[in-house]
Amino acid sequence: MKTFKLFLSILFCLSLSTVVLAQNKVKTEIFTVGGVCDMCKARIENAARLKGVVAATWNIQTHKLTLKYDPAKTNADAVQKAIAAVGHDAGKYKAADKSYNSLSSCCKYR
Ligand SMILES: [Cu+2]
């Protein structure tokens, strides 16, 4: 019985450390993304949802995107490129004029 309890507590410790390790794997990065309205927010957050992205939340007031991702699967550069491709300047990537011009007039932020 004693060994069984010991076994259980070891198992418990192991599962706890696994949870901690899994959380450490997620990286958070914050960068600026150009945009104005709720339509922009939906477009930006959709574009950011690449494989390996855990969460992407864009703030209308501050224009900051908080990105949480698994660095083994993707990186902030790939996400910034994906957002720029739909017309929004993201981090160090500028949206091409063609994609910027395709935005609705209410979404023009430049
Ligand atoms: Cu908009």
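## Strand pairing

Two strands count as paired if DSSP finds at least two bridges between them. In this predicted model, strand β2 (residues 53–58) and β3 meet that condition, pairing in the antiparallel sense over five bridges. One place where they face each other is Thr57, which stands opposite Thr66 in β3.

Strand β3 also pairs with β1 (residues 27–32): six bridges join them, and the two run antiparallel. Here Phe31 has Leu65 of β3 as its bridge partner.

## The two faces of β3

Strand β3 covers residues 64–69, and its side chains alternate along the strand. Leu65, Leu67 and Tyr69 point to one face and are buried. Lys64, Thr66 and Lys68 point to the other face and are not buried. Leu65, the bridge partner of Phe31, is thus on the buried face, while Thr66, which Thr57 stands opposite, is on the other.

## The β2–β3 turn

Strands β2 and β3 form a hairpin, with five residues between them. His63 is found in this loop between β2 and β3. Its phi is positive, about 65°, although His63 is not a glycine. Most residues other than glycine have a negative phi.

Is His63 buried, partly exposed or exposed? The cut-offs are under 20% relative accessible area for buried and over 50% for exposed. His63 has 29% relative accessibility, so it counts as partly exposed.

## Gln80 in helix α3

Helix α3 spans residues 76–85 and includes Gln80. Because its relative accessibility is 7%, Gln80 counts as buried.

Which residues does Gln80 touch, leaving aside its neighbours within four places in sequence? The contacts are Phe31, Ala90, Gly91, Lys92 and Tyr93. Phe31 therefore appears twice in this account, as a contact of Gln80 and as the bridge partner of Leu65 in β3.

## The copper site

The copper ion has three cysteines as its protein donors: Cys37, Cys40 and Cys107, each through SG. These donor atoms lie 2.1 to 2.2 Å from the ion. In sequence the donor residues follow the spacing C-x2-C-x66-C.

Cys37 lies in the loop between β1 and α2 (38–48), and Cys107 in the segment after α4 (97–101), so this pair ties together parts that are 70 residues apart in sequence. Both Cys37 and Cys107 are buried.

Key: Residues numbered from 1 in each chain as written. Predicted model: local features only at pLDDT ≥ 70, side-chain atom pairs only at ≥ 80, totals over all residues. Heavy atoms only, no water. Buried < 20%, exposed > 50% of the residue type's maximum accessible area, 1.4 Å probe, protein only. Helix = DSSP H or I, 4+ residues; strand = E, 2+ residues; numbered from the N terminus. Contact = heavy atoms within 4.5 Å. Donors = N, O, S within 2.8 Å, 3.2 Å for Na, K, Ca; no water.
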